[in-house]
Each structure stands twice: as structure tokens, then as C-alpha cells.
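The following paragraphs are meant to be read beside the sequence and the structure, moving from single residues to the chain as a whole. Please keep both in view while reading.

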Amino acid sequence: MMWLRWFLPTLFSIFSPLFIHCQLWFLSGSRKKWQIFVVDPAGDWYYCWLAVVAVPVLYNWCLLIARACFNDLQETYVVLWLVLDYVSDSIYIGDIVIRLRTGFLEQGLLVKNTKKLRDNYIHTLQFKLDVLSILPTDLAYFTVGLHCPELRFNRLLRFSRMFEFFNRTETRTSHPNIFRISNLVLYILVIIHWNACIYYAISKAIGLGKDSWVYPNITDPEYSNLTLGYVYCLYWSTLTLTTIGETPPPVTDEEYLFVIFDFLIGVLIFATIVGNVGSMISNMNATRAEFQAKVDAIKHYMQFHKVSKDVETKVIKWFDYVWTNKKAVDEREVLKNLPDKLRAEIAINVHLETLKKVRIFQNCEADLLVELVLKLRPQVFSPGDYICRKGDIGKEMYIIKEGKLAVVGDDGTTQYALLTAGSCFGEISILNIKGSKMGNRRTANIRSLGYSDLFCLSKEDLMEAVTEYPDAKKILEERGREILIKEGLLDESATEESTEGKSMEERLDSLALNLDTLHTRFGRVLTEYNDAQKKLKQRIAVLESQMRQQDLEDFSDSSDSLLEDEVKALLGGTP
């Protein structure tokens with residue numbers, strides 16, 4: 001006890017300057033700077049702090065029960081436990097300070113008002129638990145001594161911070177399934193650990209070595225070792241909770257009740273393991289299972305229609321290449337749940353540099369490039385596939401992401417040019433420039449030498465995008481004409497004739513644009529009309545309710561007056 005009276009003041013003298021220094025550091029500078037110190041719960045700093053808090057929480061959950069049940073563990077390392085206990089307490093206190101300064105979203109904005117932050121935290125159940133978890137219950141050490149760690153069991157109430165850290169880690173990690181399995185294993189190990197400690201405590205209460213079920217008597221040198229004792233109890237707990245081994249049968253009623261309770265917990269643990277692991281494995285293989293279902297459907301279709309073996313082999317090899325090179329994911333399907341802005345940002349990060357390589361799109365408006373990026377469609381071609389043939393009507397343009405393409409002759413073997421990653425073709429044909437000697441037809445045969453990964457932009461998607469950007473459309477056409485003039489593929493006389501009057505196609509395009517504008521305006525007018533109708537109905541309903549209330553009041557007044565008249569008449573007629 002004298003040692004305790006020396007140690008606690010010494011410990012406080014060590015940590016008091018630390019707290020004072022932290023307080024002075026926080027209060028240094030202007031009050032304005034302190035007031036704007038708010039922790040963003042979505043930031044990295046808050047996540048790192050959660051990791052710090054999770055350590056003492058896990059420490060208390062694992063070691064407090066062990067120290068309370070295994071006396072040798074508590075008595076042998078008492079100084080270490082005191083240091084770790086009060087370090088964890090200081091982190092708990094610091095966590096309350098951080099929670100008081102943790103912002104929250106209100107109408108989409110981070111609240112930084114000190115009073116609102118304080119009220120938002122204090123009025124929660126978690127604040128009450130946090131306060132209970134730092135109550136100085138260990139002051140009872142002065143009365144009962146240092147070897148009663150169960151006095152600190154209120155520190156276990158901070159468990160929610162550990163769960164919050166695990167949830168945020170699962171969201172942030174790139175391997176969520178592996179983390180979920182590790183997390184599940186950790187929970188199971190903690191339950192087995194607690195059960196082992198409780199088994200040893202029950203054995204002590206009944207009497208060590210009293211019967212075959214309890215832990216053997218520690219007077220036996222073979223079972224007096226602390227490590228062996230814990231491992232024995234952990235082994236017994238594992239066999240009992242997993243129900244996969246034989247243990248000595250219970251003897252007393254208390255032992256029977258504890259074993260029954262353990263078996264029930266074991267059944268729940270086993271069901272949890274099977275269910276969670278099965279779900280995780282299914283999630284890990286969900287993409288593969290969906291892809292394999294598509295492959296099986298194609299195989300069944302080809303077998304039903306008796307497709308030749310060569311074509312069937314080619315199709316299977318294409319599927320194998322797509323899966324092996326991780327090209328089986330449908331980008332539009334994956335990103336469909338994101339809002340347009342986030343989907344555009346992802347598409348810009350992935351595809352914008354590729355789109356800028358196209359000559360006619362260089363230095364275009366940023367908004368137009370964003371529209372076009374969202375309309376790019378990935379396509380994979382097998383070896384020997386023709387991307388386009390000479391004379392075909394050009395409805396798409398292509399940008400090569402990976403692979404090599406060859407410009408070949410009509411025989412399919414003579415090679416005139418080689419197109420590699422970053423090259424593009426077909427951009428002039430989709431603009432439909434007047435006076436082009438090419439028209440909108442392909443002028444060459446382009447064939448894939450191996451597996452090629454291309455981006456495709458259709459003429460319809462391009463025209464739909466430039467409809468909202470008429471200036472950009474003119475710039476694209478001018479650049480297309482410059483390219484055609486440079487390559488000697490523009491008939492200037494036809495261009496002059498086209499400028500004299502609009503072609504029928506242009507007139508139809510203009511008419512379609514006007515119709516779209518009218519449709520949009522009509523939709524707005526209809527929406528405004530519906531809103532006005534709703535407001536009018538609401539006002540009519542309010543007026544009707546007011547009139548009903550007024551009628552009721554008038555009726556009650558008239559009935560009261562009639563009643564008074566009748567009473568007076570009756571009183572007047574009474575002798």
C-alpha cells in the first residue's frame with residue numbers, strides 16, 4: 001500500500017505536465033483559431049485518431065478479463081499494467097475532447113459552431129457511455145489494493161469506437177472481403193479468449209482440481225505455469241465453442257449450466273462462421289459467376305444453332321482473353337449508381353487523355369469533352385477481325401487503347417500501314433463534311449493483328465453532344481475541312497454549293513432541334529401549371545376549412561342565443 005501511495009502521485013506528476021502542455025498548445029494563439037478547430041469525420045486525420053483509440057479499447061477488452069482471472073498475470077507485471085492503464089485513460093480523455101470538436105453535416109455543410117457540436121455530442125447515448133468509461137473507479141485501489149483490475153471494467157464501454165474504426169477501414173480498404181474475414185476471426189478469438197478466462201475463474205471458484213471438469217490443481221508443477229494454464233483454458237474453450245472435440249464432462253450443477261451456455265454460444269458462432277464465410281466467398285466470386293453464366297449462355301446458344309467449331313473456339317478464346325485481362329467489367333453497369341458529376345469525373349480521369357489525342361478534338365471546350373468522354377464505349381476485337389472495310393458507311397470513330405491494327409489491301413494480306421496505341425481513325429466520316437471526296441464511307445480496310453482494345457464513339461452520340469454546343473460544332477467542322485484540305489480530299493466547288501442553301505438533312509436537323517427546344521419549354525410550362533394547380537388546391541382547402549370553422553362558430557352562437565331565449569321564456573312563464 002505504501003508503494004501505491006508513492007506510485008500514483010509519481011504517475012500524476014509525469015502526466016500532468018503533458019496535459020498542461022497540450023492545453024497550452026490548444027489555447028495558444030487567438031481564440032478565433034481555436035473556434036475554427038473542427039475535425040472532419042470524413043477526413044484522414046479523424047480516421048488515424050480512430051486507429052489510435054481502437055488500440056486501448058482492444059487492450060482493455062483482451063487484457064482486463066485475463067488479469068482479473070489469472071492472478072499471476074496481474075501480480076507479475078503490475079507496473080506495466082498501471083502504465084498501460086493510465087496511458088489508455090489519457091487517450092480516452094483525449095477522445096472525448098476530439099468528439100466535442102467533431103463536425104457533422106447539416107444541409108450538406110460541415111457544422112463548425114462550437115455550441116452545436118457540443119450539444120450534438122452531449123445529447124447522445126455515446127456521451128453517457130464515454131463518461132462512464134472514464135470514471136475513476138480505480139481509486140478504490142487505495143482500499144482493496146492494486147490487484148483488482150475488475151474495478152476498471154467500465155473501460156469496456158468505449159467499444160463503439162473500435163467498431164467505428166473497423167467500419168471505416170472496411171470502406172477504405174481495397175480488399176474488403178479479406179478484411180471482413182480477418183475481422184470475423186478477431187471477434188471469434190476474443191469470444192474464445194473471454195470464455196477461457198471465465199472457465200478458469202469458475203474453476204477457481206469451485207476449487208482447482210476438485211473434479212475432472214475444472215482446471216487441475218496448480219500445486220501440481222505440471223500445471224503451475226501461467227502460460228500453460230492459459231493455453232489449456234484456451235484449448236478447452238476452443239473445443240467447447242466449436243463443438244469439434246471431446247472435453248471432460250461437467251459434474252456439478254454450475255458446471256452443467258456453464259457448459260450448456262457455452263454450447264448455445266458455440267452453435268451461434270458456428271452458424272455465424274458458416275454464414276459469413278459463405279457470403280464472403282460468394283461475394284468474392286460474384287463477378288466470376290456472372291461472367292461464367294454469360295459464357296454458358298453463349299455456349300448453349302451456339303450448340304443449339306450448330307455453330308461451326310472454328311467460330312465456337314474463336315468466341316471462347318475471346319471470352320478467355322476478356323476475363324484474363326480484366327476487361328469483362330461493364331463500365332456503364334458499374335458506374336450507373338453514381339451521380340452524373342462523379343461518373344463524369346471518373347470517366348475524365350480514365351479516358352480524357354485518350355480523347356485529346358484525336359486531332360479534331362484538340363483544344364475543344366472542356367464541357368464538350370466531358371460529354372464525349374461519357375459516351376465512349378470500349379470494344380475488344382479478336383485477331384483477324386475487321387474493324388471496318390473499304391466502302392462501308394462510317395457510323396463510328398475508333399481510338400486505339402491497346403493492341404495493333406493494320407491497314408490492309410482488299411486481299412487482306414498486303415499491309416500498307418500500322419496503327420498502334422493512341423492512334424485513331426474514322427473521325428472525319430462521322431462529321432459528314434460537305435465537299436468531302438470521302439463522303440461518309442470508309443476508304444481503307446483496317447484489321448486487328450492481335451487482340452485489340454478500342455474506344456468507339458458513334459456518330460449519333462457525337463451529334464447529340466454537339467447539339468448543345470453549336471459553336472463547338474462549327475469549330476469541329478472547320479478543323480475537319482482543314483484536315484481534308486491538307487490531305488487533298490476536299491472538293492471546294494461542292495463546298496461553295498452547299499453554303500448557298502441548306503441541304504435537306506441540315507433542315508431536318510434544325511427542325512429536330514427546334515422540336516426538342518419546344519418540347520423542353522412545354523415540359524417547363526406543364527410543370528409550372530401543375531405546381532400552380534397544387535398551390536391553388538391547397539389555398540382552396542385552407543379557405544374551406546376556415547369557412548367550416550366560421551360556420552361552426554356562428555351555429556354555436558345562434559344555438560346559445562336560442563337556448564337563452566327559451567330559458568327566459570320558461571322562467572317568464574313560471575308562476
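Does glutamate 164 count as buried, partly exposed or exposed? In this predicted model, glutamate 164 counts as partly exposed, because its relative accessibility is 21% and the limit under which a residue is called buried is 20%. Its salt-bridge partner is arginine 161, with the closest N and O atoms 3.0 Å apart, and arginine 161 is itself buried, at a relative accessible area of 0%. Both residues belong to helix α9, which covers residues 159–172, and because they are three residues apart there, about one helical turn separates them.

This pair is part of a wider arrangement, since a network of salt bridges links Asp95, Arg99, Asp130, Arg158, Arg161, Glu164 and Arg168. One member that can be followed in detail is aspartate 130, which is placed in helix α7, residues 125–133, and which is buried, with a relative accessible area of 0%. The side chain of aspartate 130 makes a polar contact of 2.6 Å with the side chain of glutamine 126. When the neighbours within four places in sequence are left aside, the residues in contact with aspartate 130 are Ile96, Arg99, Tyr121 and Arg158, and of these Arg99 and Arg158 also appear in the salt-bridge network.

Helix α9 takes part in another salt bridge as well, in which glutamate 170 pairs with arginine 180 and the closest N and O atoms are 2.4 Å apart. Here glutamate 170 lies in helix α9 while arginine 180 lies in helix α10, residues 176–206, so the pair ties together parts that are 10 residues apart in sequence. Both partners are partly exposed, glutamate 170 with a relative accessible area of 26% and arginine 180 with 29%.

A further salt bridge joins aspartate 85 to arginine 67, with 2.9 Å between the closest N and O atoms. This pair links distant parts of the chain, as aspartate 85 sits in helix α5 (residues 78–100) and arginine 67 in helix α3 (residues 44–69), 18 residues apart. Aspartate 85 is buried, with a relative accessible area of 1%, and arginine 67, at 2% relative accessibility, counts as buried too. The count of salt bridges comes to 19.

From charged pairs the reader can turn to the nonpolar interior. Which residues of the largest nonpolar core touch the most other members? Of the 28 residues in this core, they are Leu355, Phe361, Leu368, Leu372 and Leu462. At least two residues of the core come from each of α16 (340–356), α17 (366–375), β5 (396–402), β10 (452–458), α18 (459–466) and α19 (470–486). For leucine 372, leaving aside the neighbours within four places in sequence, the contacts are Leu355, Phe361, Leu457, Leu462 and Ala465. There is also a second, separate core of 20 residues, which includes Tyr59, Cys69, Tyr200 and Cys233.

The loop between α16 and α17 holds glutamine 362, which counts as partly exposed because its relative accessibility is 36%. Although glutamine 362 and leucine 476 are 114 residues apart along the chain, their C-alpha atoms are separated by 9.5 Å.

The surface has a nonpolar feature of its own, for Tyr256, Leu257, Ile260 and Leu264 form a patch there with about 430 Å² of accessible area together. Leucine 264, one of these residues, is placed in helix α12, residues 253–284, and is exposed, with a relative accessible area of 55%.

The chain as a whole can now be considered. Its secondary structure comes to 21 helices and 10 strands, and buried residues make up 32% of its 575 residues. Among the contacts between residues at least 6 apart in sequence, 72% join residues that are at least 24 apart. The protein chain exposes about 36,000 Å², and carbon and sulfur atoms supply 61% of that area.

Technical notes:
Residues numbered from 1 in each chain as written. Predicted model: local features only at pLDDT ≥ 70, side-chain atom pairs only at ≥ 80, totals over all residues. Heavy atoms only, no water. Patch = residues over 30% accessible without salt bridge, like charges linked within 9 Å, V, L, I, M, F, W, Y side chains within 5 Å. Areas by Shrake-Rupley, 256 points an atom, 1.4 Å probe, with all protein chains shown as cover. Salt bridge = Lys/Arg side-chain N within 4 Å of Asp/Glu carboxyl O. Helix = DSSP H or I, 4+ residues; strand = E, 2+ residues; numbered from the N terminus. Buried < 20%, exposed > 50% of the residue type's maximum accessible area, 1.4 Å probe, protein only. Polar contact = N/O pair within 3.5 Å; in protein donor to acceptor, adjacent residues only side chain to side chain. Contact = heavy atoms within 4.5 Å. Core = buried A, V, L, I, M, F, W, Y, C linked by side-chain atoms within 4.5 Å.
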